[in-house]
Amino acid sequence: MAVRVRGSRPDGSSHSAGAVAEFYTPGKDPEHVQADRDPDKLLILPFDPVTRTYGREVSTAGWEPGTWTVRGVVLGPDGVPDGWEFFRFPLDP
């Protein structure tokens, strides 16, 4: 599976301190439930100037089946979250 987060300037350069992908196990609803916002897995996403995205391939081997939530977070220059978006994806057994 590929995870991609867009966070670049119009000239294609990175505008932030980086990006991360936070993964939440099936059954959690971090978008709406504050108590569910402790990620179960966290990955740093490197910046690719060609695609102008942060991203990487993620192996989900051994992960619990069900609907996972991932939050892509772009960090501002000071390391504080500058923007984020939640997505959901199914994993078959």
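**Contacts, burial and pairing**

Trainee: Which residues does valine 3 touch, not counting residues up to four places away in sequence?

Mentor: In this predicted model, valine 3 touches Ala21, Phe23, Leu45, Tyr54, Gly55, Arg56 and Val58, with residues up to four places away in sequence left out of the list. They are called contacts because each has heavy atoms within 4.5 Å of valine 3.

Trainee: What place does valine 3 have in the largest nonpolar core?

Mentor: This core has 14 residues, and Val3 is among those that touch the most other members, together with Ala21, Phe23, Leu45, Trp63, Trp68 and Phe89. At least two core residues come from each of β1 (2-6), β2, β6 and β7. In soluble globular proteins, nonpolar side chains tend to be buried together.

Trainee: Why is arginine 71 called buried or exposed?

Mentor: The relative accessible area of arginine 71 is 16%, and buried means under 20%, so arginine 71 counts as buried. This residue lies in strand β6, and among the residues that it touches are Val20, Ala21, Glu22, Trp84 and Phe86.

Trainee: What makes the pairing of the side chains of arginine 71 and glutamate 22 a polar contact?

Mentor: The distance given for this side-chain pair is 2.8 Å, and since the cut-off for a pair of N or O atoms is 3.5 Å, the value falls within the limit.

Trainee: How do you know on which side of the cut-off threonine 25 falls, buried or exposed?

Mentor: Threonine 25, placed in the loop between β2 and β3, has 19% relative accessibility; the limit for buried is under 20%, so threonine 25 also counts as buried. Its contacts, leaving aside neighbours within four places in sequence, are Asp40, Glu64, Thr67 and Trp68.

Trainee: Why are β2 and β3 called paired strands?

Mentor: Pairing requires at least two bridges, and β2 (residues 18-24) and β3 have five, in the antiparallel sense, so the requirement is met. Within these strands, alanine 21 stands opposite leucine 43. Strand β6 (residues 66-75) and β7 also qualify, because 10 bridges join them in antiparallel fashion; there, glycine 72 has glutamate 85 as its bridge partner.

Trainee: What makes β3 and β7 the edges of the sheet?

Mentor: The open sheet has four strands in the order β3-β2-β6-β7, with antiparallel pairing. β3 (41-45) and β7 (81-91) each have a single partner strand, so one side of each is left without a neighbour in the sheet. From one strand to the next, the twist averages 20°.

Conventions
Residues are numbered from 1 along each chain as its sequence is written. This is a predicted model: local features need pLDDT of at least 70, side-chain atom pairs count only at pLDDT 80 or more; totals for chains, interfaces and linings use all residues. Side-chain values use heavy atoms; hydrogens and water are left out. Axes are lines fitted to C-alpha atoms, for helices over the stretch in contact, and angles run from 0 to 180 degrees between N-to-C directions. A nonpolar core is a set of buried Ala, Val, Leu, Ile, Met, Phe, Trp, Tyr and Cys residues joined through side-chain atoms within 4.5 Å. Buried means under 20% relative accessible area, exposed over 50%, partly exposed in between (1.4 Å probe, protein chains only). A polar contact is a pair of N or O atoms within 3.5 Å; within protein, one must be able to donate a hydrogen and the other to accept it, and residues adjacent in sequence count only if both atoms are side-chain atoms.
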